[in-house]
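Reader: I would love a guided look at one part of this model, with enough of the surroundings to place it. Could you take me through it slowly?

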Amino acid sequence: QEHGLRMGQHKELVERVQKAVSSGKVEEVLSASREAIMAKLDKERGHTVTDHSIFDAHARRYEDEYFEDMDSLGVLRPDVVT
């Protein structure tokens, strides 16, 4: 079942990338293939990342968005954030 799901996702990716390639626009190709490129680069070069502030900044961005959403819902902020 998981294999079938992954094959379907792969087929959709191939179709999106082919459509982007036929458009002739580099930006569209990169946008359509972004997730696959990121996964490939992470697998091949992820171990070379030595500046962990990249990960902290990424996490803080989504953490801030989360807290803004909770504020708008009237949820109290936690006393401690790790």
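Author: Gladly: what follows is a close look at helix α3 (residues 53–72), with its surroundings.

A word on the basis: this is a predicted model, in which local features need pLDDT of at least 70 and side-chain atom pairs count only at pLDDT 80 or more, while totals for chains, interfaces and linings use all residues. Residues are numbered from 1 along each chain as its sequence is written, and side-chain values use heavy atoms, with hydrogens and water left out.

First, the setting. The chain has 3 helices and 0 strands, arranged along the sequence as α-α-α. Helices here are DSSP runs of H or I with at least four residues, strands are runs of E with at least two, and both are numbered from the N terminus. The radius of gyration is 19 Å, whereas a compact globule of 82 residues would be near 12 Å; this value is taken over C-alpha atoms, and the globule rule is 2.2 Å times the number of residues to the power 0.38. The C-alpha trace spans about 50 × 35 × 35 Å along its principal axes. Of the 82 residues, 6% are buried, where buried means under 20% relative accessible area, exposed means over 50%, and partly exposed lies in between (1.4 Å probe, protein chains only).

Now to the helix. The C-alpha atoms at the two ends of α3 are 28 Å apart, and this agrees with the span expected because its 20 residues are counted at 1.5 Å a residue. To be exact, the expected span is 1.5 Å times one less than the number of residues.

Coming towards α3 from α2, you pass V49 in the loop between them. V49 is partly exposed, since its relative accessible area is 30%. Leaving aside residues up to four places away in sequence, V49 touches I54 and F55; contact means heavy atoms within 4.5 Å. E68 is another story: it comes 19 residues from V49 along the chain, and their C-alpha atoms are separated by 30 Å.

Within α3, E65 and R61 are 4 residues apart, about one turn of the helix. Side chains of opposite charge can pair when their charged atoms come close. E65 and R61 form a salt bridge, with the closest N and O atoms 3.7 Å apart; the term asks for a side-chain nitrogen of Lys or Arg within 4 Å of a carboxyl oxygen of Asp or Glu. Both partners count as partly exposed: E65 because its relative accessible area is 34%, and R61 because its value is 47%.

Now follow the chain onward. Just after α3, G74 takes a positive phi of about 80 degrees. R77 then pairs with D71 in a salt bridge whose closest N and O atoms are 2.7 Å apart. R77 is partly exposed, as its relative accessibility is 47%, and D71 is partly exposed too, with 38%.

For context, the structure holds 7 salt bridges. Another of them links R34 with E35, at 3.9 Å between the closest N and O atoms. R34 is partly exposed at 48% relative accessible area, whereas E35, at 55%, counts as exposed.
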